[in-house]
Amino acid sequence: MAKFERHVFICTNVREPGSARPSCTHDGKGELHGLFKDKMKDAGLKNTVRANKAGCLDQCEHGPTVVVYPEAVWYGSVKPEDVEEIVTEHLVHGRPVQRLMLVDDCLNTPSCPHRPPVKGKA
Ligand code: FES
Ligand SMILES: [Zn+2]
């Protein structure tokens with residue numbers, strides 16, 4: 001079997017209500033993960049791209065969060081209806097979906113305006 005060319009990590013983390021940070025799913029069922037798998041299979045990517053359920057990716061305020069490696073393209077606020085566009089545009093044609101990408105000011109930086117000012121993770 002050929003090596004996977006890409007991995008798509010889809011956060012399925014669930015936190016208790018009232019936690020300090022939000023979580024990407026409320027039920028942990030991984031609806032987005034299932035959709036990615038289905039759409040990738042339909043697009044003929046089954047053997048070249050792998051959809052992985054992930055724990056917290058530390059971009060909780062931008063969730064649901066998805067990251068595509070090896071190019072490290074981060075997507076935020078991904079909805080079920082966005083999955084087909086990511087698969088077709090990014091994974092098939094190599095064109096990341098700009099409108100869903102997290103901006104640099106939000107990635108692993110205290111300057112992200114969406115993060116709580118208090119350090120520490122719930
Ligand atoms: S809970 Fe999804 S990135 Fe943290
Ligand atoms: Zn942000």
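A nonpolar core is a set of buried Ala, Val, Leu, Ile, Met, Phe, Trp, Tyr and Cys residues joined through C-beta atoms within 7 Å. In this predicted model, the largest such core has 22 residues, and the members that touch the most others are Ile10, Phe36 and Met40. Two or more residues of this core come from each of the strands S1, S2, S3 (66-69) and S4 (73-75), and from each of the helices H1 and H2.

To see where these elements lie, it helps to follow the protein chain along its sequence, where two helices and four strands appear in the pattern β-α-β-β-β-α. The radius of gyration of the protein chain is 15 Å, close to the 14 Å that the globule rule gives for 122 residues, so the chain is as compact as a globular protein of that length. Of the contacts with a separation of 6 or more, 63% join residues that are 24 or more positions apart, while buried residues make up 26% of the chain.

Helix H1, which covers residues 31-42, reaches 17 Å from its first C-alpha to its last, close to the 16 Å expected. Its buried residues are Leu32, His33, Leu35, Phe36, Lys37 and Met40, and these pack against strand S1 (6-11), strand S2 (49-54) and helix H2 (83-92). An α-helix has 3.6 residues a turn, so residues three or four places apart point the same way.

Met40 gives a closer view of this packing, for, leaving aside its neighbours within four places in sequence, Met40 is in contact with Leu45, Lys46, Val49, Ala51, Val87 and Leu91. After H1 comes Gly44, whose phi is positive, near 80°.

Note on methods. Residues are numbered from 1 along each chain as its sequence is written. Chains are lettered from A and ligands numbered from 1 in the order in which they are written. This is a predicted model: local features need pLDDT of at least 70, side-chain atom pairs count only at pLDDT 80 or more; totals for chains, interfaces and linings use all residues. The expected span of a helix is 1.5 Å times one less than its number of residues. A residue is buried if 20 or more other C-beta atoms lie within 10 Å of its own, exposed if 12 or fewer, and partly exposed in between; C-beta atoms are placed from the backbone. Two residues are in contact if their C-beta atoms, placed from the backbone, lie within 7 Å. The radius of gyration is taken over C-alpha atoms; the globule rule is 2.2 Å times the number of residues to the power 0.38.
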